[in-house]
Amino acid sequence: MREFGYQRAHDVPGAVAVLAADPEARFLGGGTNLVDLMKSGIERPALLVDVRELPLDRITVTGDGGLHIGATVTNSDLAAHPEVRRRYPALAQAVLAGASGQLRNMATVGGNLLQRTRCGYFTDVSKPCNKRVPGSGCPALSGEHRNHAIFGASDSCVAVHPSDMGVALAAFDAVIAYETADGAGESAFDDFYRPVGDTPHVETALPRGALITGITLPPAPVAAHSRYRKVRERASYAFAIGSVAAALDVEDGVVTDVRLAFGAVASRPWRARAAERELLGRTADGAAFAAAADAELAAAAPLVHNAYKVPLMRNLVVALLTELEQEATR
Ligand code: SF4
């Protein structure tokens, strides 16, 4: 492990100034992913700038009825917050589905968005990997890829994003705010993660040295009727092999609003817009839910060993929407 310096940031302008001046510095939040990557030599920062004491740890209801979540809010505090549980229950459920209680106590919202893939070749420095060493190759294409992408991958990389929280944020049109030495900026969730293409090492649209300061969720009445469901290979403390965040509003038996996002199927939390379009205005029944899933999964391009994800995601979508429909008409 490379020796590194450590300092605490006391204000946002000071924090981003340090990273602007030192390209080998990194922000440290909970450290639940970064420190692991440093131990294995994948990340080798010369300086860690600890941002946990910055005043970014609040969750507030916005004037229009949405929610603002500070970047250093811990996953535990996010999942326990009464307004999150009431207005965006799928978000609270997604956070609780991730990691262990100890990790959730440490991990931050900003860090969750930036966590790296758990592809076994990425985390093994003895193997080539285009994401870790650009141009070195992607052994997952012909090797172990049971848990890899079925959407949006390329010949350069087929890894998936590991976040549960991000799946709910994708469904609810989160906006990510950041600060750089040149000023503040923001990114719609749809634009935050870059297409894989032939540059899988460039994962987000964040400018170099930018600090995520918070996330805003716009008001969405449908989000109050939402759920998150995660499938994994053991009962707890495991990454998803497929997950769905769904929200559904039904009036007189017809779908009046719907949100769907998938996890563990792409290099980013995957908003299922084709499924949403298929479902809006249709009678809320099993046939429509299956048709919506099929509309999205028509674009899936599974590899040899992960084709199981196509029926898995279809079943997840139908089951979750059926539960929400039964709840809405109870
Ligand atoms: Fe690396 Fe991506 Fe290939 Fe995994 S899938 S080995 S992360 S390039």
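**Ligand cavity and sheet arrangement**

The ligand occupies the space of the second largest cavity in this predicted model. Its surroundings comprise 14 residues, of which Cys-119, Cys-129, Cys-138, Cys-157 and Val-158 come nearest. Classified by residue type, this shell contains 10 nonpolar, three polar and one charged residues.

Two of the sheets are described here. One is an open sheet of three strands, ordered β1-β3-β2, with parallel pairing. Its edges are formed by β1 (5–8) and β2 (25–28), each of which pairs on one side only. On average, neighbouring strands of this sheet are turned by 25° against each other, direction ignored. Four bridges join β2 to strand β3 (residues 47–50) in the parallel sense; among the residues involved, Arg-26 has Leu-48 in β3 as its bridge partner.

An open sheet of five strands, in the order β4-β5-β8-β6-β7, shows antiparallel pairing. Here β4 (59–61) and β7 (183–188) are the edge strands, each pairing on one side only. From one strand to the next, the twist averages 20°. Within this sheet, strand β6 (residues 175–180) and strand β8 (residues 211–217) are paired in the antiparallel sense over five bridges, and Ala-177 has Gly-214 in β8 as its bridge partner.

Helix α1 (residues 12–21) lies across strands of both sheets. In the parallel sheet, α1 lies across β1, β2 and β3 and runs at about 150° to β2. In the antiparallel sheet, helix α1 lies across β6 and β8, at about 125° to β8.

Methods. Residues are numbered from 1 along each chain as its sequence is written. This is a predicted model: local features need pLDDT of at least 70, side-chain atom pairs count only at pLDDT 80 or more; totals for chains, interfaces and linings use all residues. Side-chain values use heavy atoms; hydrogens and water are left out. Two strands pair if DSSP finds at least two bridges between them. Axes are lines fitted to C-alpha atoms, for helices over the stretch in contact, and angles run from 0 to 180 degrees between N-to-C directions. Contact means heavy atoms within 4.5 Å. A residue is near a molecule or strand if one of its heavy atoms lies within 4 Å of it. On a 1 Å grid over the protein atoms alone, a cavity is a set of points where a 1.4 Å probe fits but cannot get out, and a pocket is an open set with protein on both sides within 12 Å along at least five of seven lines; lining residues have an atom within 4 Å of a point. A molecule sits in a cavity or pocket if more than half of its atoms lie within 2 Å of its grid points. Ala, Val, Leu, Ile, Met, Phe, Trp, Tyr, Cys and Pro count as nonpolar, Asp, Glu, Lys and Arg as charged, and the others, Gly among them, as polar.
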